[in-house]
Every structure is written in C-alpha cells, then in structure tokens.
Amino acid sequence: MQTIRGFRDILPEHIALWQKVEKVAIDLFEAFGFKEIRIPVLEKTQLFARSIGEATDIVEKEMYTFADRKGDKLTLRPEATASIVRSYIQHKMYATDPVRKFFMTGPMFRRERPQKGRYRQFYQIDAEVFGVESGFIDSQLIYLLNELFKRLGLTGLSAHINSLGCPKCRPSFQKALLEFLELKKDKLCDNCLRRIDKNPLRILDCKGQDCHAAIKDAPATLDYLCNDCSEHFDLVKTTLEEQGVDFIVDKTLVRGLDYYTRTAWEILTDSLGAQSAVAGGGRYDGLVKELGGPDTPAIGFAIGFDRLVEVMEQISQNPSDSGLDLFIISIGDIAMKKGYLWSCELNQAGISTEIDYRGKSLKALMKRANKFNARYVLIVGETEINQNAAVLRNMNTKDQDSIDIDTLIPELIKIFK
Ligand code: ATP
Ligand code: MG
C-alpha cells in the first residue's frame with residue numbers, strides 16, 4: 001500500500017523543524033493576543049463555494065468534494081478562513097466582543113498537480129482578525145509575519161503588498177478592466193475567456209504564459225482606489241515603514257480568492273523555484289456579512305507550512321536527534337524486570353531512558369546504546385543484583401561508577417537534573 005498521490009508522511013527524522021516553527025509561531029501569536037481555534041476538516045461544500053467564489057481555481061478544480069451516505073455535499077477544507085468565519089457567526093462571537101484574533105494550524109486539501117512545495121494535503125499556519133477596520137491591524141499582521149520569519153532565521157523573503165479596493169471603487173476599475181480585456185480576447189486562454197463575464201479579476205491571476213503577457217498592461221486596482229481605500233493603504237504603508245518592515249508595492253498582485261478587499265499581500269521566497277509564495281493574506285471586509293453575519297471587517301493570512309519548512313531545510317540542518325539521557329542494559333530475568341521498572345520511573349521523572357527488551361548480549365546492547373546516542377549507560381547483570389549495586393558508565397568520559405540499587409533512582413535524578 002502506498003500514500004495517495006500528493007499526500008505524504010512526515011517522518012520523525014523530519015519533524016524537528018515542524019515543531020520548531022510551530023513553537024515559535026504559537027509563542028508569537030500568543031504575545032500578540034491571538035487565541036487558538038480548532039475547526040473541522042470537513043464542511044458543507046456550499047461554505048467554500050460561496051466564500052472562496054465559484055469562478056476560482058480552488059472551487060472549480062481543486063476541491064475534494066463528495067456526497068456522504070445521505071447525499072449531502074461535503075468538502076475537505078481547502079483553506080481555513082471560510083470555516084473560521086462560519087464559526088465566528090455560528091457562535092455569535094460578534095455579540096459578546098466583535099474584535100477577535102484567532103490562529104490555527106492544520107492540514108488543507110487541494111487537488112492540484114503535485115510537485116516540490118505543492119501537495120494535495122498540505123499544512124497551513126493561519127491567523128484571522130475580526131472587527132477591526134483600521135489599517136494598523138493590516139500592518140500588525142505583516143509585521144508579525146516579518147517577525148516570525150526573522151525569528152526563524154529566514155532571509156531572502158520579500159513582502160509584496162497591494163490594495164484591491166472596496167465595493168465602492170470596484171465598479172470603475174471593473175469597467176476599465178473589461179474594456180481592456182475586450183481588446184485582448186484573442187490572446188486569452190479558454191479559462192480566462194469564460195471568466196470575463198463571471199469574474200474578470202481572476203484573469204489577472206492566471207498563471208498561463210500567454211495570458212500573463214496579454215495582461216501585462218492591464219489596469220490595476222491601485223489606480224482606481226476611492227479616497228477611503230487610498231487613505232487606508234497609505235496608513236498601512238507608512239506604519240510598516242515606521243516599523244522597519246521592508247515591502248514592495250506590487251500593483252499586479254490580486255490573490256486567487258474572491259473575498260479579498262483592500263490590503264492583500266504575499267511573502268515570496270527566492271529559493272523555492274516556481275512555488276515562491278510562502279504566505280499570503282488579505283482583508284475580506286465583506287465576507288462575514290456575505291455568510292450571514294453582521295457587517296464586520298476582517299483580515300487574515302495563511303503561511304504554507306510545508307514550503308516554510310523546505311526553505312528552512314535549505315539554510316539549516318534539521319536539528320539532529322538529541323539522544324537519550326540513559327540506556328539501561330539488563331542481563332537476566334531479574335535484572336530485566338528491575339531495568340524495566342526503573343526506566344518507567346525515570347521517564348516519569350522527565351529523564352529520557354530506554355531499555356532493550358530482547359535479552360541480547362552485553363556487546364550487542366552497548367552497540368544499541370551508541371545508536372541511541374545515550375549519554376549514560378546503566379549495566380545490571382546477575383553479579384550486580386547479588387552485590388546490590390549497578391554500574392553507571394559515562395559514555396563521553398568512559399568513567400564508571402558503582403551505584404547502590406536501593407538509592408538508584410534519587411541518585412540518577414540528581415545526576416540528570
Ligand atoms: P499558489 O499561488 O502557490 O498556488 P495560493 O495563492 O493558492 O498559492 P493561498 O491560498 O494563498 O495559496 O495559501 C497560502 C499559502 O499556502 C501559500 O502562500 C502557499 O505557501 C501555501 N500553499 C497553497 N497551496 C499549497 C499546496 N498545494 N501545497 C503546499 N502549500 C500550498
Ligand atoms: Mg494555488
């Protein structure tokens with residue numbers, strides 16, 4: 001049996017960086033007032049179709065959707081925002097305090113073409129803020145991402161930011177875009193042609209080479225912002241400058257989901273080839289209302305956890321296994337039982353201890369202790385049991401000491417604590 005295409009195991013020898021990233025991220029989120037939320041992996045298909053948008057790549061081609069036994073249409077979550085918005089509305093969080101900051105980590109599912117940095121089950125670290133319209137929160141999220149990457153020792157990343165405007169400025173932009181696209185019709189792919197009527201903004205996100213060339217000089221949302229959106233974006237930019245966060249204003253950045261308004265951004269890396277986005281985010285001021293809640297501004301980002309780990313693997317070694325404190329070599333049945341009981345007691349006291357259960361020779365067990373990279377080895381055989389003393393060997397200095405069996409546990413705890 002093999003994993004499904006695009007799905008993979010993350011094996012213990014690769015897990016150290018995942019754990020490190022998660023720890024640094026959680027510490028940072030908590031310091032910035034974010035609370036963890038856990039959401040289901042499966043939701044009604046309609047939730048994603050309505051929030052992400054019908055005419056998007058995710059909804060048109062990438063979702064894992066199936067009918068359950070009763071015929072309900074369900075989808076494995078392709079992203080977290082829609083579910084968190086659903087949760088915010090379902091639990092009427094807005095009623096007690098509309099301002100909420102959430103984070104979560106977990107798997108997402110998209111049926112795309114698998115390649116390095118692109119999987120069908122991948123992981124995201126996600127943050128969302130509800131109830132704040134101020135551009136300060138846009139800056140805070142980008143600042144936080146920047147700080148996270150700094151703490152992880154990452155360089156070669158750049159933040160690309162843009163403003164997509166709001167429903168007030170969209171119509172004039174849309175009109176200009178449609179006029180422009182009308183002239184380029186013969187150069188666009190079938191997919192984009194189909195989207196001209198349904199969702200012309202998506203065409204600006206087409207990865208096809210011909211489309212890319214055709215839309216090079218397309219109108220940009222940034223040139224059609226209303227006063228409010230302009231001021232909002234200015235606040236975000238000046239605040240980031242003041243906070244020392246480098247960014248590039250990228251008029252062509254649109255993001256692949258329908259719900260975005262105003263500030264949108266991506267963090268790009270120069271070290272992952274085509275899969276260059278390690279994080280993406282944006283404001284989605286209309287979505288809470290669209291999904292049945294009160295009019296609530298909101299904003300969030302998602303980090304591609306797999307890609308982040310891949311970037312880190314290029315600059316740092318996966319921290320090697322830190323080894324064991326103690327390996328117990330027990331020879332004979334009585335010693336074996338004692339060794340087993342001691343190992344559990346020591347584990348419980350927080351001392352990493354292993355034992356071999358197979359009754360092998362001293363030589364074989366010394367080899368095994370080395371394999372575990374044990375700092376100390378405790379040797380107990382029949383002679384030791386008779387003398388009521390075990391032998392403790394320091395594997396670095398090769399010094400050996402005899403330890404009284406009756407006081408063995410407190411002695412060892414003293415050594416390791
Ligand atoms: P891309 O343009 O690379 O397809 P996206 O715009 O579809 O990315 P988002 O929906 O913004 O991605 O998700 C946020 C982040 O999640 C991305 O920046 C990326 O790092 C990561 N990501 C998205 N899809 C995948 C995938 N299939 N495999 C691994 N990581 C992914
Ligand atoms: Mg994508």
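## A viewer tour: helices on a sheet, then two enclosed strands

Start by selecting helix α6 (residues 135–151) together with α10: the two pack at an angle of about 40°, and their axes are 8 Å apart. That angle makes α6 oblique to α10, and the crossing is right-handed. Keep in mind as you rotate that this is a predicted model.

Now show side chains at that contact. From α6, pick G135, F136, D138, S139, I142 and Y143; from α10, pick H232, L235, V236, T239 and L240, which they meet. Colour by class and you should get six nonpolar residues, four polar and one charged.

Next, keep α10 (residues 227–242) and look at what it lies across. You'll want β7 (157–163), β8, β9 (261–269) and β10 (277–283) on screen, with the helix running at about 35° to β9.

**The sheet**

Zoom out to the open sheet of eight strands. Reading across, the order is β1-β5-β6-β11-β10-β9-β7-β8, and the pairing is mixed. At the edges sit β1 (35–36) and β8 (248–249), each pairing on one side only. As a reminder for the hydrogen-bond display, strands of a sheet pair through backbone hydrogen bonds, either parallel or antiparallel.

Stop at β7. Five of its seven residues are buried, so the strand is largely enclosed by the rest of the structure. Which way does β7 run against its neighbours, parallel or antiparallel? With β9 the pairing is antiparallel, over seven bridges; select N162 and you'll find its bridge partner A264 in β9. With β8 the pairing is parallel, over two bridges, and I161 stands opposite V249 in β8.

Then slide along to β6 (residues 121–130) and β11 (residues 298–304). These run antiparallel and are joined by seven bridges. For a handle on the register, click I125: its bridge partner in β11 is I303.

**A buried helix**

Select residues 81–90, which is helix α4. Nine of its ten residues are buried, so α4 is largely enclosed by the rest of the structure. The buried set is T81, A82, S83, I84, V85, R86, S87, Y88 and I89. What covers them? Among the elements to switch on are β2 (42–44), α2 (45–52), α5 (93–96), β5 (100–109), β6 and α11 (287–290). While you're here, check the backbone at K92, which follows α4: its phi is positive, near 45°.

**Strand β12 and its partner**

Jump to residues 326–330. This is strand β12, and five of its five residues are buried, so it too is largely enclosed by the rest of the structure. In a regular strand the side chains alternate between the two faces of the sheet. Turn on side chains to follow this in β12: L326, I328 and S330 point one way, F327 and I329 the other, and all are buried.

Add strand β13 (residues 353–355). It pairs with β12 in the parallel sense over three bridges. From F327, trace across to the bridge partner in β13, E354.

**Last stop: another helix pair**

Finish with helix α13 (residues 333–348) and helix α16 (residues 408–416). Their axes come within 11 Å and cross at roughly 40°, which makes α13 oblique to α16. This crossing is right-handed. To see the contact, show W342, E345 and L346 in α13 meeting L408, I409, L412 and I413 in α16. By class, that contact has six nonpolar residues, no polar ones and one charged.

Methods
Residues are numbered from 1 along each chain as its sequence is written. Chains are lettered from A and ligands numbered from 1 in the order in which they are written. This is a predicted model: local features need pLDDT of at least 70, side-chain atom pairs count only at pLDDT 80 or more; totals for chains, interfaces and linings use all residues. Side-chain values use heavy atoms; hydrogens and water are left out. Two strands pair if DSSP finds at least two bridges between them. Helices (H or I, at least four residues) and strands (E, at least two) are DSSP runs, numbered from the N terminus. Contact means heavy atoms within 4.5 Å. Axes are lines fitted to C-alpha atoms, for helices over the stretch in contact, and angles run from 0 to 180 degrees between N-to-C directions. Angles under 35 degrees count as roughly parallel, over 145 as roughly antiparallel, 65 to 115 as roughly perpendicular and the rest as oblique. A crossing is left-handed if the near helix is turned anticlockwise from the far one by less than a right angle, and right-handed if clockwise. Ala, Val, Leu, Ile, Met, Phe, Trp, Tyr, Cys and Pro count as nonpolar, Asp, Glu, Lys and Arg as charged, and the others, Gly among them, as polar. Buried means under 20% relative accessible area, exposed over 50%, partly exposed in between (1.4 Å probe, protein chains only).
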